[in-house]
Amino acid sequence: MLTILYRIYLLLVALPLGLLSTVIASIITIAGCSLGAGGWCGYWPAHLWARSICWLTLVRVTVRGCENIDPRTSYVFVANHQGAYDIFSIYGFLNHNFRWMMKMGLRSIPLVGFACEKSHQIYVDKSSPSALRHTMDRAERLLSRGMSIVVFPEGARTWDGTMRPFKRGAFTLAQEFSLPVVPITIDGAFNILPRFRKIPKPGRIILTIHPAIAPGPDGAHDMNELISRSQQIIASAL
């Protein structure tokens with residue numbers, strides 16, 4: 001009975017209000033970024049939008065480890081990818097201005113895709129080696145200006161709740177700019193909306209922000225150790 005009531009609520013209340021908040025956030029982002037306010041409008045409208053989606057769908061997000069990051073520092077954040085609510089939980093509750101590295105296919109979402117482009121989110125184009133190099137160049141320009149980025153190094157959402165092997169891309173950027181890497185564990189998003197289901201259910205997500213992994217004294221990371229350590233740290237809070 002509760003499941004039926006929740007689905008009626010989603011259809012009549014959460015879905016219309018969620019669509020409205022998506023349109024409003026996208027328009028504010030596009031307008032603000034077009035007028036030169038990309039620093040603020042590239043993050044905060046989407047931050048509030050993500051919080052509203054969690055609130056509307058009765059999903060609670062608990063954050064642990066906020067003290068491990070400094071709002072004045074540029075980071076490469078790496079997180080496990082359990083489901084669609086990973087985006088809402090990080091956007092809404094990390095509380096640190098950043099840009100995403102995201103799949104090129106998301107560019108085709110009406111209005112949202114254009115808002116992401118105007119706010120300088122980084123679409124990952126793997127169509128050719130030169131296109132991938134262009135993607136990395138865009139990420140490097142953002143990092144060189146002091147912006148942080150968030151990456152799902154698994155590359156895609158898990159099918160069964162377990163983590164996939166991590167890819168090297170995000171860690172290469174951290175190596176290139178001698179940036180600290182912050183592992184983030186997302187726990188609970190798989191139960192709320194895994195990739196094989198279309199309707200969410202109420203629940204709780206725990207977002208654990210781990211201490212940063214700083215580069216060595218010479219400003220470099222040991223790449224293999226960095227990837228392995230990040231994956232172990234993220235898994236430790238699942």
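Start by selecting Ala46, His47, Trp49, Ala50, Arg51, Ile53 and Cys54 in helix H3, then add Tyr85, Phe88, Tyr91, Gly92 and Phe93 in H4: these two sets are in contact (heavy atoms within 4.5 Å). By class, this contact has nine nonpolar, two polar and one charged residues. Here Ala, Val, Leu, Ile, Met, Phe, Trp, Tyr, Cys and Pro count as nonpolar, Asp, Glu, Lys and Arg as charged, and the others, Gly among them, as polar.

You're looking at a predicted model, where local features need pLDDT of at least 70, side-chain atom pairs count only at pLDDT 80 or more, and totals for chains, interfaces and linings use all residues. Residues are numbered from 1 along each chain as its sequence is written, and side-chain values use heavy atoms, leaving out hydrogens and water.

Now show all of H3 (residues 44-56) and H4 (residues 85-93): their axes come within 7 Å and cross at roughly 125°. Axes are lines fitted to C-alpha atoms, for helices over the stretch in contact, and angles run from 0 to 180 degrees between N-to-C directions. Helices are DSSP runs (H or I, at least four residues), numbered from the N terminus. H3 and H4 are therefore oblique to each other.

Next, add H1 (residues 2-34), which packs against H3 at about 175° with the axes 9 Å apart. That makes H1 roughly antiparallel to H3; the label applies over 145 degrees, under 35 is roughly parallel, 65 to 115 roughly perpendicular, and the rest oblique. On the H1 side, click residues including Tyr9, Leu17 and Ile28; on H3, try Pro45, Trp49 and Leu56, among others. This contact has nine nonpolar, five polar and no charged residues.
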